[in-house]
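Trainee: I would like to go through this structure with you and ask, step by step, how each description of it is justified.

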Amino acid sequence: MEEKIQKNRLRFIISSIMGMFLTLFLTAFVLLPVAKYALFSENAIEKSIEKADYGNFVMESFMKNAEALTLSTGIPFEIFDNVISVEAVNKDVQRFIDSSIREESFEPDTKEWENTLENHILSFLDSEEYAITEEEEKSIQDYIASIREEYSKNIQIPLFTYYIIVKNHYDSIFPWVLFIIIAVMLGIIFFIFKINRESYKKVRYVSYSVLGSGIMIIILPAYCLVSELYRKVNVTPEYFYQFVMEFLKGVLQIFLYTGLAMIFLGVIIVFINETVRIKGNNRNTEVLDQ
Amino acid sequence: MLKFKKNNFIKIIKSELMAYLYMPLIFAVCGYMICFLLLTPVLDMLQAMGGMMIADEIPDFNQSLNSIYDPEAAEKNREEAVSIKDITIPAYGTLYAHISCEKIGLDAPVYWGDNNEILKAGVGQYIGSFMPGFEKTILLSGHNTTDFKCLQNIELGDIITVTTNYGIYEYEVEDIQVIHMDTAEAEIGDILGQDKEQLITYTCYPFEKMVGRKVDRYFIFSKKLSGPVVE
């Protein structure tokens, strides 16, 4: 009898340790694909750009910088009226994302608005009866070049090229890491099933792990969302901050829902396992009653 | 006997159901501890990165320019010396003084800092320079199309007045130079370290209405004539 109790205790300890490791690997198994489709996905970026009203913010920032560049020239800022539209900015941002993903260099197509801007400048100087010399013609081209440079700088999402490098690296190791995790998980589950005789006990440790994994996944995103930690992200300019904030919020919400789904799955497993066990015990009690 | 068995059975069921609460919690806590231990070698680096990426407060991008300038206080203060304790050091983007020169029509607010927003509102002060009265260099900049447009008419011997809450300072123009923007930083950098109070005002050059990059800067160097010394 004593020996049986000892064996049961040892079985419990080993199963618990294995269950704890299963919790870790299960968490990694769930988080890896979620990260791939929430953190490293083109779709998630595009959604965040839309939500953060990125094009409008970029346009606003570009206009402020262009105004600063224009102020020192003595030309009124009205020359920018109807030169660049938010739609054009949005298109260029999208083209920048596409080029970065393909790891190609990006240059926005600015010819159309550059011509409009030049015409506006010439019209203004003409209305002021200002004679344009060859040197001033060159100055106009220099000024437009500085505006083009500013536009190009504003269109590009800061740090995006680094993000793409990390994404590509993640994509390349993802299947292998996932394969290893699945193999280890199956090994642990097999071990737990092997050392426990009763079928409800076998499933019980797996359900502990599923619930534990759900708790592990939930805690950090829930903390970040409740404390609004994601809003304290230290990036500038404002349009980039808005984008990063929306992106992080989306990723954290997906992690939170994934954790909740894991807990829900755990509860279902517990429910089925306990129903099966109680039914089995009732059958045994009935036999005893008879 | 049968009743005892049923009660015992319910107790077991209850205790086993409780295990579904505490066991996952124990697993999660142990899981976090394992992660923490695994990350220990890079914890300092992660903390440093976190500190860089996460600010103490939610950033406020709608900060408008503030003001601590009080012209009445300036008029009242006619002391020869002023204690540093009585001076409010302005935060970046704060209006703290006024610059004027009646002869050329210069009359503009002076802000601490010199970003685009400040230069749109008035004259900006380089934060690596000093406030008036500290017996060091004061470096002010402005657009040559707005506040500092009138500097093109300034002449040697003209008086520039800087009014602060703690005193009124007068400076006499003693030199005017056109310096290329590439060399200006080094030349002015040397002057900034000198223990002599002088006002340097500069703007883009030439003044004519023309477009393009103005690569020269118009510098006006003025020596201190009067104003309280900060002790």
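**Reasoning about two chains**

Mentor: In this predicted model, the contact takes 35 residues from chain A and 32 residues from chain B.

Trainee: What makes a pair of residues count as being in contact?

Mentor: Their C-beta atoms, placed from the backbone, have to lie within 7 Å. On the side of chain B that touches chain A, the elements that give two or more residues are α1 (2-39), α2 (43-53) and α4 (116-121) of chain B, and α1(B) gives the most, with 11 residues.

Trainee: How do you know which kinds of residue make up the side of chain B that touches chain A?

Mentor: They divide into 20 nonpolar, seven polar and five charged, where Gly is counted among the polar ones.

Trainee: How many helices and how many strands does chain A have?

Mentor: Chain A has nine helices and zero strands, so that its elements, read from the N terminus on, run α-α-α-α-α-α-α-α-α.

Trainee: What does the radius of gyration of chain A look like when it is set against the rule for a compact globule?

Mentor: The rule puts a compact globule of 290 residues near 19 Å, but chain A has 31 Å, and the C-alpha atoms of chain A fill a box of roughly 115 × 35 × 25 Å along the principal axes.

Trainee: Why is a residue called buried, and what share of chain A is buried?

Mentor: A residue is called buried because 20 or more other C-beta atoms lie within 10 Å of its own, and in chain A buried residues make up 26% of the 290 residues.

Methods:
Residues numbered from 1 in each chain as written. Chains lettered and ligands numbered in written order. Predicted model: local features only at pLDDT ≥ 70, side-chain atom pairs only at ≥ 80, totals over all residues. Helix = DSSP H or I, 4+ residues; strand = E, 2+ residues; numbered from the N terminus. Rg over C-alpha atoms; globule rule 2.2 N^0.38 Å. Buried ≥ 20, exposed ≤ 12 C-beta atoms within 10 Å, placed from the backbone. Contact = placed C-beta atoms within 7 Å.
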